[in-house]
Amino acid sequence: MSFASATPTSSYGPHSLDFNRFNAARIVASSRIHLRRRSFSFSAAAMTTTRAAAEVDADRLQKGIAEFYDESSGLWENIWGEHMHHGFYDPDSSVSLSDHRAAQIRMIEEALRFGGVAAEGGRRPAGAVDVGCGIGGSSRYLARKYGAKCRGITLSPVQAIRAEAIAAAEGLRDKVSFEVADALNQPFSDGEFDLVWSMESGEHMPDKSKFITELVRVAAPGGTIIIVTWCHRDLGPSEQALQPWELNLLQKICDGFYLPAWCSAADYVKLLESHGLQDIKTADWSQNVAPFWPAVIRSALTWKGFTSLLRSGWKTVKGALVMPLMIEGFKKGVIKFAVITCRKPE
């Protein structure tokens, strides 16, 4: 999940959705104050430089994410199975390690229920896209549940190859397919999918505005979009940014998990509203995922988990070292586990 992001901590404020454009504007404004006579040429140069730097950072981020999951996916599958996401639990429940895979399935079901997918009298999705598909667990589940044709995309070649292999072994090659592709520039036609599914991939997107634009673009008229993602808390009415200690905590997590700047669930809602989407709903499921990270840490501390972790490589070890910070973030209310759903107008 993040290389040491070059994005400054101030990007976690309300402008974090489109930091690159904001930063370019700031540079341009400054140049006009100090160099009025040459403002046009200097501003153009500043914007070009900023855009080039942003592209380099985006490339580095994508490379880091791909390598992180190339290294860690086998370890995760070996211990936790095919679903590379949180489980959904009853608040304050006492669970054993054997309960966690069932909780991951429940997470999928709860997200579908929240999004009203195939509710009573509703239309079953015929086609779905799994944005940030991991090794294809959600895609195969949706294909079995609805008979839908599912296409999954990931930045990790290792994940895509493994997802295809599992699909072939389970006789699902006619229903699911996987490829390496960028979620911010998806290789699909406009309006192609009845269900657009993003299970814990939004936190990796450096440009949340472009991410939402792509989800909306590939959704069919009347289609449902479901986003389940890590967020930071919503800002209060008088706040312009998170507190310094909160920013510091999130930056440490970014450095271990290959994450760009975080945003809030409220930020996602504003972006969806800007596209004229309907039936926008959001919920905070932080309490429902509380047992997850302690369980991941416990699994890493077993002999099997520890030896597998060491064999996986430094990026995986680096991610493991910040897992306690995820627990701290949830406990202190800085990190929120959000579900956001909406429908594209007919």
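This report walks through a predicted model, from its overall makeup to its cavity, a pocket, two helices and a few individual residues.

## The big picture

The protein has 346 residues, and 53% of them are buried. Its secondary structure adds up to 12 helices and 7 strands.

Contacts reach a long way along the chain. Take the ones between residues at least 6 apart in sequence: 77% of these join residues at least 24 apart.

## The cavity

Searching the whole structure for cavities of 30 Å³ or more turns up 1. The largest cavity holds about 40 Å³ of space.

Its lining is made of E203, K208, W230, L259, P260, A261, W262 and C263. Sorted by class, that lining has 6 nonpolar residues and 2 charged ones, with no polar residues. K208 also turns up among the buried residues of helix α6, which gets its own section below.

## The second largest pocket

The second largest pocket has about 280 Å³ of space. It is lined by 20 residues, and G116, V117, G222, T224 and R343 are the ones closest to its centre. By class, the lining has 7 charged, 7 polar and 6 nonpolar residues.

Where do strands come in? At least two lining residues come from each of β4 (193–199), β5 (219–232), β6 (278–284) and β7 (335–343).

## Helix α3 and what follows it

Helix α3 covers residues 100–114, which is 15 residues. From first C-alpha to last, α3 reaches 21 Å, close to the 21 Å expected at 1.5 Å a residue. Its buried residues are H100, A103, Q104, M107, I108, E110, A111, L112 and F114. For reading a list like that, it helps to recall that an α-helix has 3.6 residues a turn, so residues three or four places apart point the same way.

Just after α3 comes G116, with a positive phi of about 70 degrees. G116 is also one of the residues closest to the centre of the second largest pocket.

## Helix α6 and its cap

Helix α6 spans residues 208–218, and K208, F211, I212, E214, L215, V216 and V218 are buried in it. What do these buried residues pack against? Their partners are β1 (127–131), β4, β5 and α8 (265–274).

The N-terminal end of α6 is capped by D207. A side-chain oxygen of D207 sits 3.2 Å from the backbone nitrogen of S209.

## T282 on strand β6

T282 is in strand β6. Is it buried or partly exposed? T282 counts as partly exposed because its relative accessibility is 38%, and buried would need a value under 20%.

Leaving out residues up to four places away in sequence, T282 touches F114, A265, V269, V339 and I340. F114 is one of the buried residues of α3. The C-alpha atoms of T282 and I340 are 4.3 Å apart, although the two residues are 58 apart in sequence. There is a polar link to V339 as well: the T282 side chain reaches its backbone oxygen at 3.1 Å.

## Positive phi away from glycine

Most residues other than glycine have a negative phi. Two residues here are worth a look against that background.

Y258 is not a glycine, yet it has a positive phi of about 55 degrees. Y258 belongs to the loop between α7 and α8, and it counts as buried because its relative accessible area is 5%. D279 isn't a glycine either, and its phi is positive at about 55 degrees. D279 is in strand β6, where T282 is also found.

## Two buried helix residues

L250 is part of helix α7, residues 244–257. With a relative accessible area of 0%, L250 is buried. L250 and L325 are 75 residues apart along the chain, and 8.4 Å separates their C-alpha atoms.

A320 is in helix α11, residues 314–321. Why does A320 count as buried? Its relative accessibility is 17%, and the cut-off for buried is under 20%. A320 and I297 are 7.9 Å apart, C-alpha to C-alpha, with their positions 23 residues apart in sequence numbering.

Methods
Residues numbered from 1 in each chain as written. Predicted model: local features only at pLDDT ≥ 70, side-chain atom pairs only at ≥ 80, totals over all residues. Heavy atoms only, no water. 1 Å grid on protein atoms, 1.4 Å probe; cavity = no way out; pocket = protein on both sides within 12 Å on 5 of 7 lines; lining within 4 Å. Points joined across faces, edges and corners; volume = space filled by probe spheres on them. Nonpolar A, V, L, I, M, F, W, Y, C, P; charged D, E, K, R; others polar. Helix = DSSP H or I, 4+ residues; strand = E, 2+ residues; numbered from the N terminus. Expected span 1.5 Å × (residues − 1). Buried < 20%, exposed > 50% of the residue type's maximum accessible area, 1.4 Å probe, protein only. Contact = heavy atoms within 4.5 Å. Polar contact = N/O pair within 3.5 Å; in protein donor to acceptor, adjacent residues only side chain to side chain.
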